[in-house]
Amino acid sequence: MKKLVGLSLLVLLTVAACTPSQTGTASPSTGAVAKKTTLRLPEGAKPRTLDPGISDGGSGLEQMQNMFEALAYVDQVTGDIKPGQAEKWTISSDGLTYTFNLRSGLKWSDGQPLKASDFEYSWKRATDPATKSRYAQTLWPVKGAEAFGTGKGTAEGMAAKATDDRTFVVTLERPAPFFMHLVATWTAYPVRKDVIDKAADKWTLTNDTYISNGHYRFVDWKQEQSFTVEKNPNYWGENNGPDTVVWTLFDDQAAKSPIAYEAGELDRAVLVGADITRAKNDAVLSKEVKKFERQGSQWIILDTTNPPLNNVKVRQALSLATNAKQINEVVLKDAFFNAVSIVAPGVPGQKKENALGYDTAKAKQLMSEAGFPDGKGWPANVKFTFDGASVADKAIAEAIQGMWKTALGIDIVLEPMETKALDAWRLSRKTAPFHFYLAGWGSDYEDPNNWYNLLFHSKADFYYTHWKNAEFDSLLDQGLKENDPAKRKGLYESADKMINTEAPFITVYHWARFDLIKPYIEGLYHFRVLGRIQAYLVRVKK
Amino acid sequence: MTIYVLRRVLWMIPSLFIVFTLTFLVVHATPGGPWDDSEKPLLEEVRENLNRQYHLNDPLPKQYADYLLNVLHGDFGPSYRSTQRSVSDIIGATLPVSVQLGVASLLFALLVGIPLGAVAAVKHNTWIDYLSSLVTVTGISTPPFVRVSLLIVFFSLVLGWLPTGGWEGIWDVRAIIPVIAIGSGPAAILARYTRSSLLEVSGQDYIRTARAKGVGETAITAFHAMKNALIPVVTIAGVTLANVITGAFFVERIYGIPGIARQFIDSVTGRDYPLLLGTVLIFALLIMVVNLLTDLSYGYLDPRIRYR
């Protein structure tokens, strides 16, 4: 036994002796071997999935957008719909049938020909409930898709058919003027049947099974470490972007990416909160800070059926007494954009003139008309619920509490919750009463349907404000079907006026992105919708 | 001896079963579900479909029985958050990383802590002792997430010697910061125990005898005093494994190491029930095994201790 102890001691000493010598000789490699350009970006650590048919468009979207292309795509500067894998498409006069003509000679990243039948397979796969998609509803406007997706129909019943190798015909349930935006969504990307049949869920893990059709293709995914792509030689179009793109995967990219950026390991960093102020005040970093618009709104959500918030005057008074400009510029140090109206600017239908604005005198008057002069008679225990883990949410809640107390003389109780507990609480608000909570929405595509119909229609009631207005609903129903863009915009503008006037939401700010970008990087741009980086537009001048 | 080990090993089975059951009940009693609902909630129909596909709508006793049966067959099920990897895949990929990091950190703790404590004891009440006290008290009182952050700032940002994060195996330079960050806490604890234990032993008769016989001071410390002084230290070394694990929770996350401790944190905050149960069972097993090894090591250090 003594020998054994001695032996293990010897092993220990050997290991100990090796450690410094090994680490002493190695040094961080700078990779000066090839002249090829590399773009180094940050990403959240766990792309839940890189399967376009499953993804909800959160972490992992940037990688998928760089590796795949749908029939059409959204131009990341103008927002226009441009032909992608389809060279053209025709829409029948009733707006129901879309015929897509694919480009000739399309190939997958492994060189295999890409056919219209690949789109048919992919669209049906994403809609199939067994695929467990987080974003299955994208293709529901297709005839028979919602039935199939909710287990009441079949794949054959879904009207998306490849009529030959280059023609893909889709029939809709009813006219949907926004349908081309859905066609450009990641859910509608083509995926390869043979690799999915072979590798099942694991097809996204290795480069022999991850086959795509976009500007870049898969090289390597080191779980929780990095994700690497290279130019796809089989892509139909040009790609003058960097030869490779490497994403470093962080658990908390807002906390870690600025450190890696400052150490020269990244070309871009994500900035939030106090880091924005720090970067703005730093001699070097201040020149590398960029602020981008992000089409989204952060709101205080009101339960319009729960007293005293069931009184429209009270809701209007609270909205008028909310100094959103001060919240963004002072409390949040200009980390976002000042509130304009309920729906974010740029969405057709949104009009800044429809907003109630900030006017404490008017707010006071409305409060006394509602029966709460100077806050007298205001009920106790009116609760304001928010994510206690979010520094920004806590600051907002405290600021609001102060503003309403000063302007209207009312007291509210702050109720912080753990993130996931808040999610569960929020879901249960479908039936349970509440007063206020903080939440937000950002465009998935720039169309009023993605806001008014999806969130605010009384049938959707996505945030459980329980606000109902028959005229509002009717305007939205008409807007959903109207093919004339000008008329359609007018319908939504009328609806926008109504929802702003009735104030089931109070906007605290509109979303933004802050980046640090190295001076040798050109063309790195976040479009206001989704806003992921398209590497083919970026130039690395180093 | 063999019977003792066998009995201890058999006792692990009901212990693991209790850990499994308690964890299962606690995670299902915690509010919130595994789907991403924070920034932009999922559509209700989509969430319902996910609950149905993953059998989360089944009655809890049925979920428990189904899951237990799977685990007994070695299948921890799918991870809810990572659609392409099962829990077994994730544990298989991350456990070896954490084990390497943990072993290296423990070695660091032993190789730094025990000599540091021994030197402080031999030179007690001199400036060396005071310096050692300063170092060890600092090590004990700073939590691992502070240590790793300070090390990153110093070595990566100020000096620019080491990368700010990542993992390329235990022999890569990226391992230096995490090993020091995790190992320095236990090293400090071991140093304190070694010092006090060695001081206590040094006062005993047999040491005085050795000294009277003319044995050199170094030999006395190294061969005579050290062996007896190490018994309490070994006890603590077993306990410090818990420190290494808890240290790894923070350090793996902050330094971006693809280890199992980071998975544990993510599975708690993400309500990834199968991954959480899988990692909890691994940690429980690990701690039980190390406790057993610690108990057995007493027998070698002190022949008076016998196991029945």
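Student: What kind of crossing does α4(B) make where α4(B) passes α11(B)?

Tutor: Take the hand from the turn of the near helix against the far one: anticlockwise by less than a right angle is left-handed, clockwise is right-handed. Here α4(B) passes α11(B) in a right-handed crossing. The model is predicted, so local features need pLDDT of at least 70 and side-chain atom pairs 80 or more, while totals for chains, interfaces and linings use all residues. Residues count from 1 along each chain as its sequence is written, and chains are lettered from A, ligands numbered from 1, in the order written.

Student: At what angle do α4(B) and α11(B) pack, and how far apart are their axes?

Tutor: Axes are lines fitted to C-alpha atoms over the stretch in contact, with angles of 0 to 180 degrees between N-to-C directions. Helix α4 (residues 87–122) and helix α11 (residues 273–301) of chain B pack at about 45°, their axes 10 Å apart. That makes α4(B) oblique to α11(B) (under 35 degrees is roughly parallel, over 145 roughly antiparallel, 65 to 115 roughly perpendicular, the rest oblique).

Student: Which residues of α4(B) and α11(B) meet?

Tutor: Contact means C-beta atoms, placed from the backbone, within 7 Å. B:V87, B:I90, B:I91 and B:L95 in α4(B) meet B:P274, B:L275, B:G278, B:T279 and B:I282 in α11(B). By class, this contact has seven nonpolar, two polar and no charged residues (nonpolar: Ala, Val, Leu, Ile, Met, Phe, Trp, Tyr, Cys, Pro; charged: Asp, Glu, Lys, Arg; polar: the others, Gly among them).

Student: What does the span of α9(B) show?

Tutor: Compare it with a straight helix, at 1.5 Å times one less than the number of residues. For 39 residues that is 57 Å, but α9(B) (residues 217–255) spans only 43 Å between its end C-alpha atoms. Look along α9(B): the helix bends by about 60° at B:M226 (the angle between axes fitted to the seven residues ending there and the seven starting there). Just after α9(B), B:G256 takes a positive phi of about 70°.

Student: Which residues of α8(B) meet α9(B)?

Tutor: B:Y206, B:I207, B:A210 and B:R211 in α8(B) meet B:I220, B:H224 and B:A225 in α9(B). The residues of this contact divide into five nonpolar, one polar and one charged. Helix α8 (residues 205–212) of chain B packs on α9(B) at about 145°, with the axes 11 Å apart. This crossing too has a hand: α8(B) passes α9(B) right-handed.

Student: How many helices and strands does chain B have?

Tutor: Both are DSSP runs numbered from the N terminus: helices H or I, at least four residues, strands E, at least two. Chain B has 11 helices and zero strands. Its C-alpha trace spans about 85 × 55 × 30 Å along the principal axes.

Student: How many residues of chain B are in contact with chain A?

Tutor: 41 residues of chain B contact 43 of chain A. The largest share of the chain B side, five residues, comes from α2(B). That side divides into 17 nonpolar, 14 polar and 10 charged residues.

Methods. Contact = placed C-beta atoms within 7 Å.
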